[in-house]
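This report looks at one lysine and at the aromatic rings of a single structure. Please keep the sequence and the model in view while reading.

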Amino acid sequence: MLSPMAGRIPEKFIDDLLARVDIVDVIQERVPLKKAGRDWSARCPFHDERSPSFTVSPAKQFYHCFGCGAHGSAIGFLMNYDRLEFPDAVEELAGRVGLKVPYEGGREAPREDSTDLYKLLDAAAAFYRRQLEASDRASAYFEGRGLDASTLARFNLGFAPDAWDALKNALGTNAQRIALLEKAGMLTSGERGSKYDRFRNRVMFPILDRRGRTIAFGGRIIPSDRPDRESREAGIPARTSRQDAAPKEASDKAEGPKYLNSPETPLFHKGRELFGLWQVREAHAKIPRLIVVEGYMDVISLHQFGVPQAVATLGTATTRDHAEILFRQCADVYFCFDGDRAGRQAAWRAVESVLPRMRDGRQALFLFLPDGEDPDTLVRKEGLAGFEQRLREATPLGEFFFAELGKDVNLGSLDGRARLAERARPLLAQIPDGAFRDLMLAELDKSTGVRVQVAAPPSDVPSKPRGAKPAQRSLVRAAITLLVQRPALALALEPPWSFAGLRQPGIPLLVELIALCRARANLTTGALLEHFAEREEAKALQKLAVVDFPGGESEARAEFVDAIAQLERQTAQQRLDDLTRKQAQGPLSDEEKQELRALLAGKAARS
Ligand SMILES: [Zn+2]
């Protein structure tokens, strides 16, 4: 879990941070938790389930799912849930409690690199914004598309001038910054290695991440000064042609494709980002629904016309990652597609991405647009009310699923019904266990008369360990378990620890843990597991962290002290055996003889 960059943040700081943040607050903001005894519980956000097996322990400061095994500290949760990189998760938490993250290694640190990348892209967005204000032609383009000033501002729209090096000259003031521009995907290389602006003569759409930072751009070519078809059209707010539907469609070779996106960069992975999501989140305390459309202008027009829940994928089909991100925001997701054959094919790909995400309570609906229309043209033509009406008439996932699957199947014949069942089976098997899946299976039964057996979705759900007696666990294991659950117990042990010499599995780890827990006061279970995140022991430690230990603080302390005392006796016995064996082979030194006598005396005193 610790990225190579993470070493740049001192571990001491991580501990302090985790001691100040409450994991319950962090998770509660994202997943509704219910109090369950000392802990909090919820249905797991990382796997599909009907009954809650996700628990958050305020005492241990970590979360754990008994279903899928997901677990970690507050940092780990943010990494998994918000999909943040380690340093970003640390930054996020530090921000909450007003701490500044110290980075070791100064300005050359890799971590500074990504901070610089964000800054640079923000600077690029500001640069494009200024260029838009300075360009009558670009301003006229947006005006022609009917966008008002507040929309331009909300989406921070801009303009990349018709030049090879406008951005490069403005921001690439030294070699390091030119390298960063390249890393951010803002420059492209010519055949002879010359570097120039990737985006030229395009109106610019900044793509923001879920924290509102610019991570990439989309650019749409605009007509040059010479009058042509499009600049005449630009004066007509209600377009009738589909100019924006296919970002990949190439036009003029010299100018490149009509739509151009940033390439994949360390900050931008198009399969995980949605254009407009930041603006949707800004507009709502609680997002009621999301509407997935195809183009930048569709998103922007819908927002301007009173549908501020529109987002777009970035030149890709809806991925499973997208589906999960969408459903994490809200339960109802609408997908808008063209009504033509290509549109229905795209819709089917969305179905395939969405099915594995269809936990109970989630709803996916499909809206097919009339020929030649897109959401941008439609909302201008029919207004908010018309668009809302179309949303109300959208086709639910189940209906679309069976309509598409049964399209060329004759349900009047046994053969046809069998074929439908055959096609549906692998798809329905991907739906998470729940009422929706049951309904879909029942529907299939009804239309085919074939009883379909569907295997449960693949999962490696272990049986619930809670309450299982940790029988036969060794003393070392017991000591480690107690320590992982209550790191402060280590303070009860003053060095030297004679048991460090005991030849038993787990002893080196126990010694390491004791030293760690003593060195770092207020270490929580979550922080401790964070230390071991990259180690092979991580999995075992995390299992021990959730072993149910009956009793409170004093019982735990007594058991721990007792376990250590027993280990020390075993160490004494081990030494006694060693010396006895050695004595059988030859004479002992005077020190050894003395030691042996002391060991024997100690043993006699105990028995
Ligand atoms: Zn889970």
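The sections below deal with the lysine, then the ring pairs, then the charges over rings.

## Basis

The model is predicted.

## K60 and its surroundings

K60 belongs to the loop that runs between strands β3 (54-57) and β4 (62-65). Its relative accessibility is 16%. Because buried means under 20% relative accessible area, K60 counts as buried.

Which residues does K60 contact, leaving aside its neighbours within four places in sequence? They are Q485, T524, T525, G526, A545 and V546. V484 is 424 residues from K60 along the chain, yet the C-alpha atoms of K60 and V484 are separated by 8.8 Å.

## The pair F54 and F77

A search of the whole structure gives 27 aromatic pairs. One of them joins F54 and F77, with 6.4 Å from centre to centre and 50° between the planes, and this pair is tilted. F54 is part of strand β3, while F77 is part of helix α3 (residues 74-81). The pair therefore ties together parts that are 23 residues apart in sequence.

Are these two rings buried or exposed? F54 has a relative accessible area of 0% and is buried. F77 is at 0% relative accessibility and also counts as buried.

## The pair F368 and F400

F368 and F400 form another aromatic pair, again tilted: the centres are 5.3 Å apart and the angle between the planes is 45°. F368 lies in strand β15 (residues 363-369) and F400 in helix α16 (residues 397-405). Parts 32 residues apart in sequence are therefore tied together by this pair.

F368 has a relative accessible area of 18% and is buried. The value for F400 is 1%, and F400 is buried too.

Both residues belong to a cluster linked by ring pairs. Its members are F335, F337, W348, F366, F368, F400, F401 and F402.

## Charges over rings

F368 has a further partner: the charged end of R344 sits over the F368 ring, 4.5 Å from the ring centre. F368 thus appears in a tilted pair with F400, in the ring cluster, and beneath the charged end of R344.

Where does the charged end of R213 sit? It is placed over the ring of Y118, at 3.8 Å from the centre of that ring.

Note on methods: Residues numbered from 1 in each chain as written. Predicted model: local features only at pLDDT ≥ 70, side-chain atom pairs only at ≥ 80, totals over all residues. Heavy atoms only, no water. Helix = DSSP H or I, 4+ residues; strand = E, 2+ residues; numbered from the N terminus. Buried < 20%, exposed > 50% of the residue type's maximum accessible area, 1.4 Å probe, protein only. Contact = heavy atoms within 4.5 Å. Phe/Tyr/Trp six-rings, centres within 6.5 Å; stacked < 30°, edge-to-face > 60°. Lys NZ or Arg CZ within 6 Å of the ring centre and 35° of its normal.
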